[in-house]
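Me: I've got this model open and would like a close look at one part of it. Could you take me through the piece I ask about below, and then work outwards from there?

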Amino acid sequence: MKYIREHISSKILLSYLAVLLVGVAVLIIVVFFSTPAAYSHYMESGAMIVNGAPARGMMDGVVPGSGMGRALGQGQGLGFTNFRAGVLSAIAYATLAAILVAVVVSIFFSRQIVAPLQALMSASQRIADGRYDERVQVSGSDELGQLAGRFNRMAERLEQTESMRRQLIGDVSHELRTPLTAIGGYMEGLIDGVLPVTPETFEQVRMEASRLSRLVDDLQELSRVEAGSYRLDIHPVMISMLVETTIKRLQYQYDEKHVTLTRNLASDLAPVLADEDRVTQVLTNLIGNALAYTPSGGEVVVSAAKIDGEMQLSVKDSGIGIPAESLTNIFDRFYRVDKSRSRAAGGGSGIGLTIAKHMVEAHAGRIWVESAGEGQGSTFFFTLPFAK
Ligand SMILES: Nc1ncnc2c1ncn2[C@@H]1O[C@H](COP(=O)(O)OP(=O)(O)O)[C@@H](O)[C@H]1O
Ligand SMILES: [Mg+2]
């Protein structure tokens with residue numbers, strides 16, 4: 001019983017046998033109840049001459065419902081018994097042949113089903129043990145083949161997630177180590193009397209601490225964005241309004257650093273489909289970066305225009321520029337062209353552009369950067385769809 005419960009092949013064989021047994025049982029019952037009438041009918045239509053039995057009496061024996069008992073009692077017992085034995089032995093041979101075929105066919109089919117299932121079973125066990133590179137062979141396009149395909153896709157996603165998780169932990173611990181080491185160093189210097197006990201020293205420590213807390217905020221935002229657990233409230237908005245708001249917010253910092261900030265917006269811009277807060281966040285990021293990476297006396301221009309049926313925004317600066325080899329990586333998380341310079345420029349952890357990219361792509365837009373090289377300034381572009 002336990003074997004049957006645990007093996008599909010035995011269930012398949014049992015189901016074949018059940019069908020077969022019911023068929024045979026019905027056949028035997030039918031033979032028992034209908035052959036007397038059929039036999040008598042047959043005898044009456046010609047065989048009676050051979051038998052020499054009175055036609056009348058035989059007819060009596062086969063009144064419907066009178067049963068084989070009476071038919072047998074009418075003097076044809078021997079012929080009928082032989083006939084029935086013949087039929088029954090034919091059924092017995094047919095049954096044997098059918099059982100044989102059922103066994104062979106069920107072995108064949110259960111091999112076809114059980115083998116891929118066993119492959120899936122052992123593969124899923126290995127994945128559960130943490131071996132995410134496990135795949136099963138896909139064969140055929142039936143449900144089992146589809147299941148194997150889906151299984152492989154699932155394994156692939158798990159593998160990706162796992163490698164992303166590993167890389168993220170590596171990156172984050174690296175990012176955390178820098179300010180922590182700095183704070184530790186300052187404290188050690190203070191305790192040993194190597195560093196002067198001045199407000200400047202404490203200010204350095206405070207700056208490292210605030211860098212840490214900025215990093216934690218960025219990480220939290222990044223994980224929200226990468227997990228897609230934020231809602232976009234998309235509706236038609238005037239992009240010029242968002243640009244004005246962002247510029248107003250950042251104007252003071254621009255004035256302080258003596259970088260000029262100008263706008264160049266086409267006058268007849270139609271509304272775009274966007275989430276105001278998220279687009280403002282992207283603009284703040286790009287215009288903030290432009291300030292961080294542009295020395296005093298430089299200038300930044302924010303433009304918006306309709307190009308190829310899309311709204312194209314750009315933030316152009318006259319700053320330090322970006323070397324060609326960094327142009328493709330600049331949107332990767334934690335990527336900074338020059339870590340020490342980024343830190344000195346008041347830059348963050350290299351997450352800002354990653355979040356901006358996620359946001360723009362969530363709006364079905366594109367984001368990219370162009371720069372002629374170091375010291376040549378850079379221009380960041382992104383697109384947004386117009387409201388219909
Ligand atoms: N306007 C720009 N000019 C030159 N380099 C830039 C500019 N914007 C971004 N970068 C480079 O791209 C890196 C990633 O930017 P971002 O993701 O905003 O991180 P960060 O927190 O360092 O500003 C920066 O560290 C910097 O090296
Ligand atoms: Mg930034």
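In what sort of crossing does helix 5 pass helix 6, left-handed or right-handed?

Reply: Left-handed: that's how helix 5 passes helix 6. Keep in mind that this is a predicted model.

Let's stay with that pair for a bit. Helix 5 covers residues 143–192 and helix 6 covers residues 199–226; they pack at an angle of about 165°, and their axes are 10 Å apart. Angles over 145 degrees count as roughly antiparallel, so helix 5 is roughly antiparallel to helix 6.

Now for who touches whom. On the helix 5 side you'll find Val-172, Glu-175, Pro-179, Ala-182, Ile-183, Tyr-186 and Leu-190. Across from them, helix 6 brings Thr-201, Gln-204, Val-205, Glu-208, Ala-209, Arg-211, Leu-212, Leu-215 and Leu-219. Sort the residues of this contact by character and you get eleven nonpolar, two polar and three charged.

Follow helix 6 further along and you meet another partner, helix 10. The axes of helix 6 and helix 10 come within 10 Å and cross at roughly 25°. Angles under 35 degrees count as roughly parallel, so helix 6 runs roughly parallel to helix 10. Helix 6 passes helix 10 in a left-handed crossing, too. The residues that meet here are Glu-221, Leu-222, Val-225 and Glu-226 from helix 6, with Thr-354, Ile-355 and His-358 from helix 10. This contact splits into three nonpolar, two polar and two charged residues.

Helix 10 then takes us to the ligand. Spanning 352–362, helix 10 is one of the elements that supply at least two residues each to the shell around ligand 1, along with helix 8 (276–292). Helix 10 gives the most, with three residues. There are 21 residues around ligand 1, and the ones that come nearest are Arg-336, Val-337, Gly-348, Gly-352 and Leu-353. By character, the shell holds nine nonpolar, ten polar and two charged residues.

For the wider setting, have a look at the sheet. It's an open one with five strands in the order 2-4-5-7-6, and the pairing is mixed. Strand 2 (260–265) and strand 6 (367–371) sit at the edges with a single partner strand each, so one side of each has no neighbour in the sheet. From one strand to the next, the twist averages 15°.

You can walk through part of that order strand by strand. Strand 2 pairs with strand 4 in the parallel sense over six bridges, and Thr-262 stands opposite Val-301 in strand 4. Val-301 also looks the other way: its bridge partner in strand 5 is Lys-316. Strand 4 and strand 5 are antiparallel, with eight bridges. These two strands form a hairpin with two residues between them, and Asp-308 in the turn has a positive phi of about 55°. Next along, strand 5 (residues 310–317) pairs with strand 7 (residues 378–385), again in the antiparallel sense over eight bridges. Here Met-311 stands opposite Leu-384 in strand 7.

One more helix belongs in this picture. Helix 7 (residues 239–257) packs on the sheet and touches strand 2, strand 4 (299–307) and strand 5. The direction of helix 7 makes about 170° with that of strand 2.

Conventions: Residues numbered from 1 in each chain as written. Chains lettered and ligands numbered in written order. Predicted model: local features only at pLDDT ≥ 70, side-chain atom pairs only at ≥ 80, totals over all residues. Near = placed C-beta within 6 Å. Helix = DSSP H or I, 4+ residues; strand = E, 2+ residues; numbered from the N terminus. Nonpolar A, V, L, I, M, F, W, Y, C, P; charged D, E, K, R; others polar. Pairing = 2+ DSSP bridges. Axes fitted to C-alpha atoms, helices over the stretch in contact; angles between N-to-C directions. Contact = placed C-beta atoms within 7 Å. Parallel < 35°, antiparallel > 145°, perpendicular 65-115°, else oblique. Left-handed = near helix turned anticlockwise from the far one by under 90°.
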